[in-house]
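Keep the sequence and the 3D view side by side. The paragraphs below lead from a helix to the interior, and then to the ligand.

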Amino acid sequence: MSSDRGYVMAETEAAAESQRLALLESRADAGTIGRLQRLGVAPGWRCLEVGAGRGSIARWLAEQVGPEGSVVAADIDTRFLDGMPDNVQVRIVDVREDGLETGAYDLVHCRALWMHLGDPAAVLARMAGALRPGGVLLAEEGDYGLYHYGGHPDGDELSEAAHRTFAVMRSAGIMDAYFGRRLPGTLAESGLELLGVEVETPCGGPGDPGFEFARASVLDSLPRLIEARVMGDGEVGRLEGFFGHPDSLVCGPSGVAVWGRRRQRERERQRDGV
Ligand SMILES: C[S@@+](CC[C@H](N)C(=O)[O-])C[C@H]1O[C@@H](n2cnc3c(N)ncnc32)[C@H](O)[C@@H]1O
């Protein structure tokens with residue numbers, strides 16, 4: 001997939017996008033924080049969070065690394081990154097184009113970022129190059145392969161329409177909804193040492209953060225989808241009916257988490273045959 005298009009939600013009104021990102025944080029932070037704890041984030045670490053969004057993970061990292069450590073919270077859109085702790089530097093970065101320091105960080109993290117970018121392998125190479133030898137990268141991306149609307153008579157048809165929409169979005173270079181499954185292989189090919197992979201597919205009804213994140217993502221993107229003729233008025237009414245029904249359930253998207261370590265320099269040279 002190639003994409004020079006901007007981030008799909010970049011034109012969403014600020015309050016609605018902030019609320020949508022807050023739902024993503026409620027849905028995903030516990031898993032991310034558990035993985036970061038297992039990776040041993042500790043006082044003094046230098047961390048880079050790319051696509052920091054509303055900043056919950058940058059804030060958590062700042063607490064862990066303390067005053068002797070530091071966190072760079074990088075995003076193409078920093079409007080939700082106000083009021084960060086003193087050891088967090090907020091930076092406007094378009095990771096498709098802008099340079100990152102090389103060999104500088106103990107940890108590089110991103111979540112729900114690469115699926116929105118046209119050339120994830122190139123971005124991964126830049127982010128991996130930002131690690132010091134021995135530093136770790138954690139990437140977490142979505143995969144809508146199991147995505148399904150259930151518990152409602154329109155569920156199956158709306159699910160099929162959703163997958164048709166994902167296919168259009170993918171070929172238009174807007175978002176690769178099926179990128180998660182390619183994440184482990186992309187990391188393995190990058191030259192990092194693959195340390196672990198986890199996949200989970202949550203399922204929940206109204207009030208569940210995953211359901212509410214799906215509701216906000218779908219309803220906020222409707223104007224663009226209608227304008228692009230990916231969706232018609234009939235489907236819009238049925239989607240609103242689905243999300244308004246107490247028995248409705250959303251399954252997915254799956255979260256795919258992958259982590260790897262930058263090899264020591266002599267191991268990198270051996271691997272590259274230099
Ligand atoms: C779905 S949000 C995820 C936010 C956060 N990582 C989280 O999981 O809570 C995607 C984020 O990536 C940022 N983003 C999109 N394209 C980007 C780019 N080319 N460079 C840097 N950040 C980008 C968006 O502005 C947004 O904050």
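The bend at a residue is the angle between two axes, one fitted to the seven residues ending there and the other to the seven starting there. Apply that to helix α6 of this predicted model. A kink of about 45 degrees lies at S221 in α6. The proline P223 follows shortly after it.

Now take in the whole of α6. The helix has 19 residues. From first C-alpha to last it reaches 28 Å, close to the 27 Å expected at 1.5 Å a residue. Look at its N-terminal end. There D208 acts as a cap, with a side-chain oxygen 2.9 Å from the backbone nitrogen of G210. Just after the helix comes R229, which takes a positive phi of about 60 degrees.

Which residues of α6 are buried? They are G210, F211, E212, F213, A214, A216, S217, V218, S221, L222 and L225. The kink residue S221 is thus on the buried list. Several elements cover these residues. Among them are the helices α1 (14-38), α4 (155-171) and α7 (233-243). The strands β6 (148-150), β8 (203-204) and β9 (249-251) are included too.

Next, the nonpolar interior. The largest nonpolar core holds 51 residues. Within it, W114, M127, L137 and Y149 touch the most other members. Helix α6, residues 209-227, supplies the largest share of this core, five residues. Another core lies apart from it, with 23 residues. C47, A58, A62 and W259 are among its members.

Follow L137 outward. Leaving aside neighbours within four places in sequence, L137 is in contact with V108, W114, L124, M127, A128, L131, L187, L192, V258, W259 and G260. Two of those names, W114 and M127, were met above among the core residues that touch the most other members.

Stay with strand β5, residues 131-143, and find E140. Is E140 buried or exposed? It counts as buried because its relative accessibility is 6%, and the cut-off is under 20%. The E140 side chain makes a polar contact of 2.8 Å with the side chain of T32. Beyond four places in sequence, E140 touches T32, R35, H109, C110, R111, A112, L183, V256 and A257.

R111 leads on to another residue, S56, in helix α2 (residues 56-65). S56 is buried as well, because its relative accessible area is 17%. Not counting residues up to four places away in sequence, S56 touches E25, D29 and R111.

R111 also leads to the ligand. Around the ligand are 18 residues. G51, D75, D94, V95 and R111 come nearest. A polar side-chain atom of D75 lies 2.6 Å from an oxygen atom of the ligand. Backbone atoms take part too. A polar one of I76 is 3.3 Å from a ligand nitrogen atom. For V93, a polar backbone atom is 3.4 Å from a nitrogen atom of the ligand.

D75 has a place in strand β2, residues 70-75, and so does S70. How does S70 count, buried or partly exposed? S70 is partly exposed, because its relative accessibility is 29%. Its contacts, beyond four places in sequence, are W45, R46, C47, V65 and N87. C47 was named above as a member of the 23-residue core. Finally, compare S70 with G155. They are 85 residues apart along the chain, and their C-alpha atoms are separated by 46 Å.

How values were computed: Residues are numbered from 1 along each chain as its sequence is written. This is a predicted model: local features need pLDDT of at least 70, side-chain atom pairs count only at pLDDT 80 or more; totals for chains, interfaces and linings use all residues. Side-chain values use heavy atoms; hydrogens and water are left out. A nonpolar core is a set of buried Ala, Val, Leu, Ile, Met, Phe, Trp, Tyr and Cys residues joined through side-chain atoms within 4.5 Å. Buried means under 20% relative accessible area, exposed over 50%, partly exposed in between (1.4 Å probe, protein chains only). Helices (H or I, at least four residues) and strands (E, at least two) are DSSP runs, numbered from the N terminus. Contact means heavy atoms within 4.5 Å. The expected span of a helix is 1.5 Å times one less than its number of residues. A polar contact is a pair of N or O atoms within 3.5 Å; within protein, one must be able to donate a hydrogen and the other to accept it, and residues adjacent in sequence count only if both atoms are side-chain atoms. A residue is near a molecule or strand if one of its heavy atoms lies within 4 Å of it.
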